[in-house]
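Let's go through how the labels on this model get assigned. Each answer puts a value next to its cut-off and draws the conclusion.

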Amino acid sequence: MPAHLPVFNMLRRSACALLLGAALTTAASAAPRAENHCLSECKPRIGIVSAFGAEADILLEQTQKKRDWKVNGNRFTTGELRGNPVVIVLSGVSVVNATMVTQLMMNHFHIERLLMSGIAGGVNPASHVGDVIVPESWAMPMEVYWNGDGSLPAPCGAAGDVSCLGVKLASENGKPRPDFKFNTPNGPLSSGLFMRDNFVMNASNAPQGEFRFDFQADPEMLALARRLKPALAKCGPKNPSLCVSVQPELRVGGRGVSGSAFLANPGYRTYLYDNLQAQVVDMETAAFAQVAYANRVPFIAFRSLSDLAGGNDFKDVGAFFGSGLAETNEASVTLAFLEAWSRRNRR
């Protein structure tokens, strides 16, 4: 045997090993990740999302053992809050920001449960500034099919059938929900805006996915929220001289809604209440809820009312903007919930 062959064979085996290793690395990176795969930190935690700074500041101030992580420029803060391992992030306003940041959180951390904490506009006229609302479900009624008039769209043949376009109208008792109508001096004017269901896919309904209108909050977390007795303020800390006239309350139940529009339209607010019995409207939580459903993670959302959405008819609106009342009450309920959740888990 020529003297150079053993060296050649050794080099060939080494090259094969390197190629095999590269192939395995490529296959691993292409394969789907395990459900609890974490890119940054993998301790099981409650994920807390807020839309803007004032909402999260109170929670961050009370978080212990804090550590910051930067992902795509977003700051995620891990630590312990009222006895619970948490990770807190500021999403920024809008359904798109809430979606992106919540999914980033799911990808980089081991999230066992999700919690949204923030402020919102009231829809139910019986509510007041400073009330904290904890809806049982969340929907996105501004996801619409915009027809040319108020007649039911029929692009696929039958009235109300839009399935050939890959979408589905939202319905109640088997009938499409009515379109929004503008109030005019000559009476109601149809907008042709018909609510749609949202398409969502997760590991339990793949590969066909499903259409849904509502995303349900976790029953176990809702049951605990119903037992809370938080002390809610009438005057905010920024300006104690500005106080609401009615003692704020914690209200659990009903439907919350979200949309990409900043709602300043009393007519549309009435439409949401009359047709959906909506309690509260914001620009993030329903998207957050859809991400939770897609990842099969239980969630709950606490929203304190800053005003009656779209109105100059909420007499106490100045109490929020001048004093920070809404975020104070929202944080109080969130902290009370986390403390009760920690006690429950220690039993």
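Q: What makes Val 200 a strand residue?
A: Val 200 sits in β14, and strands here are DSSP runs (E, at least two residues; helices are H or I, at least four), numbered from the N terminus. One caveat up front: this is a predicted model, where local features need pLDDT of at least 70, side-chain atom pairs count only at pLDDT 80 or more, and totals for chains, interfaces and linings use all residues. Residues are numbered from 1 along each chain as its sequence is written, and side-chain values use heavy atoms, with hydrogens and water left out.

Q: Why is Val 200 called buried?
A: Its relative accessibility is 3%, and buried means under 20% relative accessible area (exposed is over 50%, partly exposed in between; 1.4 Å probe, protein chains only). So Val 200 counts as buried.

Q: What does Val 200 touch?
A: Leaving out residues up to four places away in sequence, Val 200 touches Asn 205, Gly 209, Glu 210, Arg 212, Phe 215, Gln 290, Tyr 293 and Ala 294. Contact means heavy atoms within 4.5 Å. Val 200 and Tyr 293 are 93 residues apart along the chain, with their C-alpha atoms separated by 8.2 Å.

Q: Why is helix α6 described as largely enclosed by the rest of the structure?
A: Eight of the ten residues in α6 (residues 285-294) are buried, so the description fits. Those are Thr 285, Ala 286, Ala 287, Phe 288, Ala 289, Gln 290, Val 291 and Ala 292.

Q: How do you know that Glu 330 has no salt bridge?
A: A salt bridge takes a side-chain nitrogen of Lys or Arg within 4 Å of a carboxyl oxygen of Asp or Glu. For Glu 330, the nearest side chain of opposite charge is Arg 303, at 7.3 Å. Lys and Arg count as positive and Asp and Glu as negative, while His and the chain ends are not counted. Glu 330 is buried, yet has no salt bridge. This residue lies in helix α8 (residues 325-346), and its contacts include Glu 55, Ser 117 and Phe 302.

Q: Why are α4 and α8 called roughly perpendicular?
A: They pack at an angle of about 115°, with axes 10 Å apart. Axes are lines fitted to C-alpha atoms, for helices over the stretch in contact, and angles run from 0 to 180 degrees between N-to-C directions. Roughly perpendicular covers 65 to 115 degrees (under 35 is roughly parallel, over 145 roughly antiparallel, the rest oblique), so α4 and α8 get that label. At the interface, Glu 220, Met 221, Leu 224 and Ala 225 in α4 meet Phe 337, Ala 340, Trp 341 and Arg 344 in α8.

Q: What makes Arg 82 partly exposed?
A: Arg 82 has a relative accessible area of 32%, so it is partly exposed. Its place is the loop between β3 (74-81) and β4 (84-90), and its phi is positive, near 50°.

Q: Why does Gln 277 get the partly exposed label?
A: The relative accessible area of Gln 277 is 41%, hence partly exposed. Gln 277 also has a positive phi of about 50° although it is not a glycine. Most residues other than glycine have a negative phi, and most peptide bonds are trans.

Q: What makes the bond from Ala 206 to Pro 207 stand out from trans?
A: That peptide bond is cis, with omega near 5°. Pro 207 lies in the loop between β14 (198-200) and β15 (210-212).
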